[in-house]
Structures are given as C-alpha cells and as structure tokens.
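Please read the report below alongside the sequence and the 3D view. It goes from single residues to salt bridges and then to the interface.

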Amino acid sequence: METLSLLADGFSVALTPSNLFLAVVGCILGTVIGALPGLGPSNGVAILIPLAFSLGLDATAALVLMTAVYYGAMYGGRISSILLNIPGDEPALMTTLDGYPMAKAGRASDALVLSGVASFVGAFLATIGLILLAPMLARIAFLFGPAEYFALYLLAFSTLGGIASNNQAKAAIAACIGLGISMIGLDNNTGIARLTMGELHLMDGVDFLVAIVGLFAVTEVFVFIESHGKNSALGVKLGKITIPVKDILRCKWTMLRSTFIGFIAGVLPGAGASLGSFMAYSAEKSLVRDNSQFGKGDVRGVAAPEAGNNAAAGGALVPMLTLGVPGSGTTAVLLALLMTLNITPGPTLFTDRPDVVWGLIASLLIANVVLLLLNVPMVRLFVHILSVPPWVLLPGVTMISFVGIFSLSGSTFDLLLMIGFGAMGFFLRKLDVPTVPIILGILLGNNMEDSLRRAMVISGGEWTYLFSSGIAIGLWVAAVLGFVAPMFLRGKIRKPQAITD
Amino acid sequence: MSDRLFGLVVIIVAAGYIFAASLTEVSFLSDPVGSKTFPYLIGGVAILAALAVMLRPDAEPDWPSAGTFARIALAVAVLVAYAYMLRPFGFIIPTALAAGMLSYQIRPRAIAAMLTGVGLSVGLFAIFKFALGLGLVAFPKGWF
C-alpha cells in the first residue's frame, strides 16, 4: 500500500497544470516524431534534449516532457508503417508486415485504431509492471558494490552486442569506440588530463549530447541524401474512422501475451523495443492455431508487435531508473537526459528523489491516456504529418540539431564535433556497425572505469575480487552467455531486418 | 574488402589510442589500477575485435556511387561552413543558405530548395526566439 500512497504523491506532482500541459505537448510532439519516417524515439528525443535544457525546465518537468515524447514516438511509429509500409522508427518494423497489407485491403483505419488500442494496452500494463518491479529491483540494487556494477555494465554491452546486432565483433568495436571517447578529458580519480592531445576544448571531455545528436540526427541527413529522399510520402488516403470492436476483442489474448513478452524483452539490458516487437510477433505467429493469414493482413499480426514494442518501451525504463543501465538506444538517450539534469539514476533515486520517480511514473500513466485519445479519434490529424516531404524535414531536423547544441554550449568546436560524428555514423551504418553501443560507451565509460578502480582500491589490487560475490558471478556468466550464445543461435534468433517490398 | 579495411583502420586507431594513453602523466597519488589501465583494455579489446572482423568479414555493403559521395562530402562542407558562420553572421542568413543547400542535395530543384531554406530559417527563428525564448541573434550587430 506504500506504493499507492507514493503513486498518489506522484499524481500530485504530475497533475499540476504546467506538467499536465507539458505531458500533452510531449505526446503530440512524440506522435509526430514517431510518425515521420527518418525520425524515431531515439533521434527525436536526442534533438529535443538540448532545447528542453535551454528552456530551463526543472528536472521533473523536463522528464515529464521527454518521456511523453518517448511514449508518443512509440505510438506514432505505427502510422507510417501501416499507411506507407515504411516504419517510422525501427521498433515499428514488424507492424509493416500485417499493417500494410491491411491498409492495402482498404482497412487502414481499422489497422490504425486496433494498433492504437494495442499500443495502449502494452504501454499501460508495462507502466504497471514498472511500478511493481522497479522498487523491488531498486532494493536489490542496494546490494551492488563496485564489482557488481562493473559486471553489470559489461552485461549491458555484451547483450547489446550479442542479441541486438548482426556481428558481435563489430558491436564490440562500437562499444570500444564509445568507451574510448569517454576516457578523453580529465581523469576523475587523479584530475590529470588524458588523451586530449593538448586540445583545450577536450579537457572537459566529449559531451555525450554532441555525440548522440551527431550519430542519430546528422547521420540521417546523409542517409537521405544517398537515398535521394525516395520513400517520400505523398497522397495518403484514409477512410472514415470506426472502432473495429470485434477485431479488438479477438486480439485481447494476443495483446496480453505480447505485452508480457515485450515487457520482459524491455527489462533485459540491451534488448529493447525492436526486439520486443519482433519476439512478440514471432511468438504470436507460432502460438495461434491458424497462422496462414500472418503477413497478409492478420489483425493479430498488427496487435502483437504494437503491444510488444510499447510494453518493451515501458520495461526498458526499469533497468534505466533502478540501475542506471539503459536497455536500448532510446533509454540510453533518456539516461543522457537524466545526466544532463544532474539526476543520478540508480537505487538511491528511489529513496532520495521520490518526487522525480513517482512524478515520472504518474505522468507516464497520464501520457498513455492522452496518447490513446490522440491516436484513436484524432489519428487523422497525424496522417497529414506524413505528407511533409523529406527535403523540408531533414534540413529542418539538422537546423534544430545545430541550434540545440549551439544554445547548450555556444561552441563552434562542439558543432564541428557533431558533424564529425554524423559523418562517422554514416560510414558505420554502411558497414553495419551498430551505433547504440557507442552512445552507451560514452554514457557509461566513466562509471565503468570508476567502479573497476574502486573495486581494486577496496581489494588492494586483487583481481579475483571482481568475482567474489554471487551476484557478480551471476552477472559475469550472463554477460558471457549473452555475448556468446547468439553466435550459435544465429539461425533461430535474429535481429529484425529491414524488409524490402 | 570494406570490412578488412575497416578492421585495419580500427587497429591503427586503437594502436594510436594506446600510445596516446601511455603518454598520460602519472600522479604520485595513484590507485592500484591507475589512469592508463582502462584505456589500454579498451584499445586491446578493439584490436582483438578488429582482427575478428578482418578474419571473418561480412558481405560487401552497397556503397553509393562516386557522385553520391561527392554530394555527401558537399553536405559535410556546407555544415562545417554553417558551424563557422553561425556566430559571426547571426541565425537567419547562414540557416537559410545551409538549409536550402541541404534541401537541394536531397531533391535537386532550385526554387523549392530556396523557398525551403528561407521558410525554415524564418520559421525556426520565430519558434526559437519567441516561443521558446532562446537567445538567438537574427542578424550581425550594426546591420539595421
């Protein structure tokens, strides 16, 4: 019952007029961002962080705004998947499989409403799951010492590399790039500059926001220049919006099952929403008795990935808030937001800043209801967003990125660094090197090194201390398994691949 | 081939990184691990992973044509110029130029690109300045 009273306190924070307003604005912005091809939850949240920061919002307000954007983008991604067969973001990939055939069969509005409801079920139940699971995990996290944290960081990198990428070696290289960059600047322990090559601008290190915006937003411009802005989305038609009650009822078990699977996938470090929707879809396809219509416009094939990816989005917040280890690219970006706001995620967050945690959770519940209203009766508004052509959208996104970074630091050097990250991101993407481990490396590098050094100080330089507790050993085993096992399961478990029509 | 080249580049960079880390001054008050160990570990893992990539390269990615590369290089040049112009020339003019040129790179239609540039520049300035209250400068001082 303690949880309920905490939640009530949370609602009193979230229901202030200004926070409620920010939640609604965030939901609208998020849905738009999710719907636009080329903009998804991670780069959408990334370009907004510097702006939210320059607005001078307090920590709770900024979190309310950005998590509403995050949830909104997860909802919005389905719109272009269904109408255009182009996923608005990576997690919405699986929705194209049955959503687009439904739209082609003239049932676009049914598919949109059904997927909106499925998104709501997934996100709402996952938020409840977050409420139940996060405080428990936070209590366990109090047992973590530096050795356990070091193993946990390793686990995050290895599962991210093992499950969520095609080539482990390339994911490892990406993690090393990120960790290597995070080392640049003053050494936390001794205060001596490292790896700055005498460049004064690098004394403070490389700002993770510069790297995130560069890799996620600027890279996208180069990708669009390469593709010539094909996939542009003009001339979408949508019939009258009705509520397909029969289809929704038919999918109730599908939604619940997919929510469960998605939530678990989200909680695991490194898996995230893309994998959540993928696993929910494949599980559903193998569970139902008659799966002959899957891929041809089965309603369950629309409900499963949407419930799965939204549940995973909620689940991914669990490790991010309780342990400070993000489970996916987008939560890595949210972690960057927390760090910018000077909030340290981890078990202490739940005891020291209950207003932030429970205000955030309450606003997630509110955001969900707002999003259901926006995405079912008012979905028609967002369909018009799809007709913004890429040759207006992408320059606009770039300019917003520049202004965001510029207003944060006012430094030309940071802008150049951002362009550098953008160009690097383009080559890495061509080479199929994942960029999320780079972000994670930059975010976690210093913490990871600190926990290693602290562990060694405690033990007086005895390396076996890293494996001295049950939790630490368990995490090491999981890390090794998470990295190695997918090599042997390549045939069975695969990262969802882009589908060409 | 691309992967082999990529692996080679990673190895060279990682070796350089390890060398740069070895130049770190050592504090007389140090912990058992010290300032250099973790960077050495990172460089070492990167070299191992790069060797693995070189030994078992993936299928060749489809690289864009030389013309597309030239356009991307031009876009990078435009952005670099924009980064340098933003402070001395104010927001409106550099943004209109850069946004217009990027738009032209994505879809080569001159008039539409020009309109996009001007529209984005003025529209974004209005949003940033008046709705969000960021301290942007529209034009260099003393122009008007």
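Does Leu195(A) count as buried or exposed? At 8% relative accessibility, Leu195(A) counts as buried. Buried means under 20% relative accessible area, exposed means over 50%, and partly exposed lies in between (1.4 Å probe, protein chains only).

## Basis of the model

This is a predicted model, in which local features need pLDDT of at least 70, side-chain atom pairs count only at pLDDT 80 or more, and totals for chains, interfaces and linings use all residues. Residues are numbered from 1 along each chain as its sequence is written, chains are lettered from A and ligands numbered from 1 in the order in which they are written, and side-chain values use heavy atoms, with hydrogens and water left out.

## Positive phi in two loops

Leu195(A) has a phi near 55°, a positive value in a residue other than glycine. Leu195(A) sits in the loop between strand E2 (193-194) and helix H9 (208-227) of chain A. Helices (H or I, at least four residues) and strands (E, at least two) are DSSP runs, numbered from the N terminus.

Asn342(A) is not a glycine either, yet its phi is positive, at about 65°. Its loop runs between helix H15 (329-340) and helix H16 (347-352) of chain A. Asn342(A) counts as exposed, at 69% relative accessibility.

## Two buried serines

Ser115(A) belongs to helix H6 (residues 108-141) of chain A. Its relative accessible area is 0%, so Ser115(A) is buried. Beyond residues up to four places away in sequence, Ser115(A) touches Arg78(A), Ile82(A), Val302(A) and Glu306(A). Contact here means heavy atoms within 4.5 Å.

Ser363(A) is part of helix H17 (residues 354-375) of chain A. Ser363(A) is buried because its relative accessible area is 5%. With neighbours within four places in sequence left aside, Ser363(A) is in contact with Ala14(A) and Val64(A).

## Salt bridges in chain A

How many salt bridges does a search of the whole structure find over all chains? The search finds 13. The rule asks for a side-chain nitrogen of Lys or Arg within 4 Å of a carboxyl oxygen of Asp or Glu. Asp298(A) and Arg300(A) form one such pair, at 2.9 Å from N to O. Asp298(A) is buried at 5% relative accessibility, and Arg300(A) is buried at 12%. Asp110(A) pairs with Arg107(A) at 3.3 Å, N to O. Asp110(A) counts as buried at 16%, whereas Arg107(A) counts as partly exposed at 28%.

Arg429(A) and Glu220(A) meet at 3.1 Å, N to O. Arg429(A) lies in helix H20 (residues 412-430) of chain A and Glu220(A) in helix H9 of chain A, so this salt bridge ties together parts that are 209 residues apart in sequence. Arg429(A) is partly exposed, at 40% relative accessibility. Glu220(A) is buried, at 11%. A network of salt bridges links Asp187(A), Arg194(A), Glu449(A) and Arg453(A).

## Domains of chain B

Chain B is assigned domain 1 (2-55) and domain 2 (66-131). Such bounds come from an automatic or database domain assignment. The C-alpha centres of the two domains of chain B lie 38 Å apart.

## The interface of chains A and B

The contact takes 62 residues from chain B and 62 residues from chain A. About 5,400 Å² is buried between the two chains, and carbon and sulfur atoms give 81% of that area. Buried area is the accessible area (1.4 Å probe) that two parts lose on being put together, summed over both. Phe6(B), Phe38(B) and Ile106(B) supply 14% of the area that chain B buries against chain A, more than any other three residues.

Two salt bridges are counted between chain B and chain A. One of the pairs across the chains is Lys170(A) with Asp58(B), whose closest N and O atoms are 2.9 Å apart. The interface also has 10 residue pairs in polar contact, both residues at pLDDT 80 or more. A polar contact is a pair of N or O atoms within 3.5 Å; within protein, one must be able to donate a hydrogen and the other to accept it, and residues adjacent in sequence count only if both atoms are side-chain atoms. On the side of chain B that touches chain A, helices H1 (2-22), H2 (37-55), H3 (66-85), H4 (92-106) and H5 (110-131) of chain B each give two or more residues. H3(B) gives the most, with 11 residues.
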